[in-house]
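Student: Could you take me closely through one part of this model, and explain how that part sits against its surroundings?

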Amino acid sequence: MKVLSFLPLLLRSTCMHPVRLPSALVRATVLDLLILAGHVLIYPSGLTPERRTPMPLPGSTDATGTEPEARPGTGTGSETGADTGPPTTTPSRAAKDSTPADRITRSADTALLPTVGDRPPVVLLHGFIDNRSVFVLLRRSLARHGWRHLESLNYSPLTCDIRTAAELLERHVEEICARTGHREIDIVGHSLGGLIARYYVQRLGGDRRVRTLVTLGTPHGGTAVARLAGAHPIVRQMRGGSDLIQELRRPAPGCRTRFVSFWSELDRVMLPVETACVDHPDLDAVNVRVTGIGHLALPVHPAVASAIREALESDGTSLSTPGTASVA
């Protein structure tokens with residue numbers, strides 16, 4: 001494993017200022033409860049498909065004042081349930097029927113900062129019993145810093161198998177690549193969403209499409225908390241020692257995807273907390289330690305959002321020193 005040396009160290013070094021876990025845990029728990037209360041309020045907004053802002057036609061300008069490059073489209077939305085397959089139209093029919101609104105996904109209420117190049121699309125994948133609304137702030141942060149292609153995918157809470165969800169993700173990724181004209185994408189997955197994305201990358205050949213996979217509080221090694229809510233089949237798959245977790249420990253030679261996993265010392269959903277680290281000899285993985293916040297804060301904390309942006313912008317040249325980076 002390697003260190004993400006370019007990430008901003010936005011919290012005081014724990015070596016210089018030891019963290020008193022009791023008071024820190026109380027603060028993190030209170031913050032998580034506040035975030036949960038806010039998320040409950042906006043949760044219904046994530047049940048519906050995201051709005052699509054029409055992409056300006058050739059000759060017009062976007063919010064940056066520049067003429068964007070037109071992309072071919074396939075004319076579908078990005079939000080579906082678990083039993084919804086990919087579009088079945090042929091490329092020629094899709095090109096004929098597509099509209100400007102089908103060609104780009106963008107936050108409708110966010111002004112873009114100047115775009116640097118044309119970055120790969122970013123797919124945001126939520127956690128268990130959640131939806132795309134958890135990424136409202138992260139999505140806004142990415143859009144304001146120049147990401148043009150942002151996709152928030154919903155999978156059904158009735159999904160009972162991580163493998164099935166990964167197959168659905170595979171179909172969505174192919175559709176996104178066809179629509180945007182990009183050969184590769186990046187994925188940011190929170191909790192279970194990161195595990196679904198990892199299975200797609202590692203076991204379904206998704207490394208040919210996924211350049212960077214960022215996970216936030218994902219139980220890569222399985223979590224003991226899953227034992228307390230084991231009635232749901234997909235929760236049982238997140239237990240340490242489950243068949244799926246064992247499958248992810250199998251060799252994965254030649255995997256091309258870069259992994260960046262954010263884990264928090266105060267994450268009460270990941271037990272032990274180190275289970276949110278990627279520990280696999282065949283994977284190019286960086287584990288980023290987050291201090292001072294809990295599980296629910298990972299996808300909304302501004303310092304984590306800043307670190308995610310830097311991870312997505314990196315080409316891997318900064319990943320050189322063994323160890324673990326720190327951010328919060």
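Tutor: Of the 12 residues of helix 5, 11 are buried, so this helix is largely enclosed by the rest of the structure; buried means under 20% relative accessible area, with a 1.4 Å probe and protein chains only, and helices are DSSP runs of H or I with at least four residues, numbered from the N terminus. This is a predicted model, in which local features need pLDDT of at least 70 and side-chain atom pairs count only at pLDDT 80 or more, while totals for chains, interfaces and linings use all residues. Residues are numbered from 1 along each chain as its sequence is written, and side-chain values use heavy atoms, with hydrogens and water left out.

The buried residues of helix 5 include L192, L195, I196, Y199 and Y200, and just after the helix G205 takes a positive phi of about 75°. The axes of helix 4 (residues 162-180) and helix 5, which are lines fitted to C-alpha atoms over the stretch in contact, come within 8 Å and cross at roughly 70°. That makes helix 4 roughly perpendicular to helix 5, a term for angles of 65 to 115 degrees. In this contact (heavy atoms within 4.5 Å), residues of helix 4 including I162, A165, L169 and V173 meet L192, L195, I196, A197, Y199 and Y200 of helix 5.

L169 of helix 4, leaving aside its neighbours within four places in sequence, is in contact with V123, L125, L153, I187, I196, A197 and Y200.

Notes
Buried means under 20% relative accessible area, exposed over 50%, partly exposed in between (1.4 Å probe, protein chains only). Helices (H or I, at least four residues) and strands (E, at least two) are DSSP runs, numbered from the N terminus. Axes are lines fitted to C-alpha atoms, for helices over the stretch in contact, and angles run from 0 to 180 degrees between N-to-C directions. Angles under 35 degrees count as roughly parallel, over 145 as roughly antiparallel, 65 to 115 as roughly perpendicular and the rest as oblique.
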